[in-house]
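Thanks for sharing this one. Here are a few friendly comments to read alongside the model.

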Amino acid sequence: MIVAGCDIGSTTAKAVLMEDNNILAKILFPIENGPRESAILLFEKIKEQTGIPPEKIDMVCGTGYGDKNIPYAKIMESEIVCHAKGALYLNSNIRTIIDIGGQDAKVSRIDEYGNIERYLYNDKCASGTGRFLEIVADVLDVSITELEKLHKNATKEIKLSNQCVVFVESEVISLLNNGEEAENIVKGMHMALASRVASMAFSIGVVSEIAFTGGVAQNKGMVYSLEKVLKTKLFVHEDCQVMGALGAAIIAKERAL
Ligand code: ADP
């Protein structure tokens, strides 16, 4: 049986195509022309990579902010459920999931079957999301992928006093004007974001093992900072950003049976 999970997020489109337990394709690209066009493009890319047209896919599960735009999706599931499904599939010991995406952050606690016991969601305040990192990266004139290198070269951590993205831009500019190093500002920024997301996790109760998912988990500086605040090692898979699409593909398989 061939199944697909498609995740139309706020900043990136993702898909995972599976045949039985084998992953046939993983697709990820930034959303540029709107959610509908991106969803259509996901299926074009699946066909390009595997030769499998949408009609040959037995079941498609959609998830994410733009899930209503996904053609061929017979079922939809929340991102929280999908990330949990994906993380548990890769590591059966996972009981807490921390997902930081482009415009939101979510924490959830699950039982051994993947049922959601508690969760918390922040899409109101950008300071607790990947957007915060993007704003600081813009001010420092570096790409989002360079942040972890800067963090690694830091000699100290500068505490940012502003929690709000509206003010952080001017704070970073004045820190630079005062001669502070970009490396140390980045380390402080990672710690600020990690502390905000960790406080969400603490409020629902953190149970080991913890998976860190979403695009922001690609950033090793953020992994280091979250591990420091949570005082524990995190499970971070190379597929952290497509975790929701992977979970959706597994749900598609379960529902198709
Ligand atoms: P969404 O589903 O909301 O689109 P994602 O989980 O795809 O979110 O994550 C997108 C976020 O991940 C963006 O804020 C982006 O800046 C961040 N991101 C992606 N890759 C990296 C990376 N290599 N280093 C740091 N941040 C990254």
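**Notes on the strands and one glycine**

1. Let me start with a single pairing: G5 has V16 as its bridge partner in β2. This is a predicted model, where local features need pLDDT of at least 70, side-chain atom pairs count only at pLDDT 80 or more, and totals for chains, interfaces and linings use all residues. Residues are numbered from 1 along each chain as its sequence is written, and side-chain values use heavy atoms, with hydrogens and water left out.

2. Strand β1 (residues 2-8) runs antiparallel to β2, and 7 bridges join them. The connection is a hairpin through 3 residues. Strands here are DSSP runs of E, at least two residues, and helices are runs of H or I, at least four, numbered from the N terminus; two strands pair if DSSP finds at least two bridges between them.

3. On to the next hairpin: β2 pairs with strand β3 (residues 22-30) in the antiparallel sense over 8 bridges. T12 has its bridge partner in β3 at P30. Between β2 and β3 lie 2 residues, and D20 in the turn has a positive phi of about 50°.

4. How many residues of strand β2 (residues 12-19) are buried? The count is 7 of its 8 residues, where buried means under 20% relative accessible area with a 1.4 Å probe, protein chains only.

5. Finally, G188 sits in helix α6 (residues 182-204). G188 counts as buried because its relative accessibility is 2%. Leaving out residues up to four places away in sequence, G188 touches E157 and I158, contact being heavy atoms within 4.5 Å. From G188 to I2, the C-alpha to C-alpha distance is 45 Å, with the two 186 residues apart in sequence.

Notes. Buried < 20%, exposed > 50% of the residue type's maximum accessible area, 1.4 Å probe, protein only.
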